[in-house]
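Here are my notes on how the two chains sit together. Have a look at the model first, then go through the points.

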Number of protein chains: 2
Amino acid sequence: MTPDVTLRTATPADYDRIAAVLDDWWGRPVSHGLPRLFLDHFHATSTVAEAGGDLAGFLVGFLSPSLPDAAYIHFVGVHPRLRGAGLARGLYERFFALAAADGRTVVRAVTAPVNAPSIAFHTALGFTVTAPLAGYDGPGDVKVRFERNLARA
Amino acid sequence: MTPDVTLRTATPADYDRIAAVLDDWWGRPVSHGLPRLFLDHFHATSTVAEAGGDLAGFLVGFLSPSLPDAAYIHFVGVHPRLRGAGLARGLYERFFALAAADGRTVVRAVTAPVNAPSIAFHTALGFTVTAPLAGYDGPGDVKVRFERNLARA
């Protein structure tokens with residue numbers, strides 16, 4: 001990780017600055033996938049990365065209320081100019097630590113099958129990846145699912 | 001509520017039948033707003049209504065992990081042929097009861113300002129409603145927020 005980036009627990013107020021950069025950082029419209037409820041209700045298990053007071057990255061994740069063993073990572077972003085420096089890995093490792101501290105044993109996430117960089121990144125972090133799952137997030141949608149056992153950490 | 005409708009706690013497996021009817025029940029594309037994660041991780045606080053084995057309605061809600069006083073209702077649907085019979089009210093009342101049993105004191109939800117039936121319904125159920133909030137779920141989005149104090153129930 002670059003030395004001047006600091007990580008801290010997110011707050012509900014971080015939503016607006018995250019929402020403001022989403023489509024730019026992804027290069028396509030993705031902000032519909034992160035409604036405000038995710039920061040309102042999962043901020044305590046989400047992380048904001050800052051560099052010089054500016055938003056450098058973020059991870060939105062939660063400890064599953066219904067599956068006591070599971071934690072889920074919903075959205076992770078890194079500023080385009082800060083990619084490749086280990087910041088995403090740092091965000092994930094912070095989430096793994098807080099999930100493990102709560103007794104969670106598995107972390108899951110999903111992405112589109114065409115998102116090769118995400119699949120490579122998750123594989124490098126020790127996630128397994130499924131074959132494409134048709135109808136995953138509704139009719140016509142296809143996703144791959146990532147899973148990482150925290151006990152192996 | 002119609003007498004032959006039964007309510008039960010949702011399971012992750014209910015996602016596919018819910019996702020299959022969403023756009024039809026709403027009359028417009030809304031399924032992107034309910035990814036599978038909501039049933040995977042919040043099924044224990046969500047409800048499925050069935051009539052003769054068919055899906056009659058559902059409520060997807062959760063107890064906020066980060067806000068200990070709050071519960072949140074994300075998506076509620078009733079089969080078009082079963083509307084006006086009190087089923088939605090029954091789904092909400094079941095959620096109020098389980099949230100109150102967990103010590104939650106406030107329930108929140110949001111909708112688009114143009115959704116007059118939703119605003120009328122929530123008002124009748126005792127929710128307050130805000131003025132339209134610009135940028136609520138990202139740049140360009142506008143929502144109104146509902147809030148109901150469970151202590152007044």
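1. Copies are superposed by least squares on the C-alpha atoms of residues with pLDDT of at least 70 in both. Done that way, chain A lands on chain B with an RMSD of 0.0 Å after a turn of 180° and a shift of 0.0 Å along the axis. That's the relation of a two-fold axis. The same surface serves both copies, with 100% of the contact residues of chain A recurring in chain B (contact: heavy atoms within 4.5 Å).

2. Some ground rules: this is a predicted model, where local features need pLDDT of at least 70 and side-chain atom pairs count only at pLDDT 80 or more, while totals for chains, interfaces and linings use all residues. Residues are numbered from 1 along each chain as its sequence is written, and side-chain values use heavy atoms, with hydrogens and water left out.

3. How much area do chain A and chain B bury between them? About 2,300 Å², 63% of it on carbon and sulfur atoms; buried area is the accessible area (1.4 Å probe) that two parts lose on being put together, summed over both. Leu37(A), His41(A) and Ser66(A) supply 26% of what chain A buries against chain B, more than any other three residues.

4. On polar terms, the rule finds zero salt bridges across the interface of chain A and chain B (a side-chain nitrogen of Lys or Arg within 4 Å of a carboxyl oxygen of Asp or Glu).

5. The contact takes 29 residues from chain A and 29 residues from chain B.

Technical notes. Chains lettered and ligands numbered in written order.
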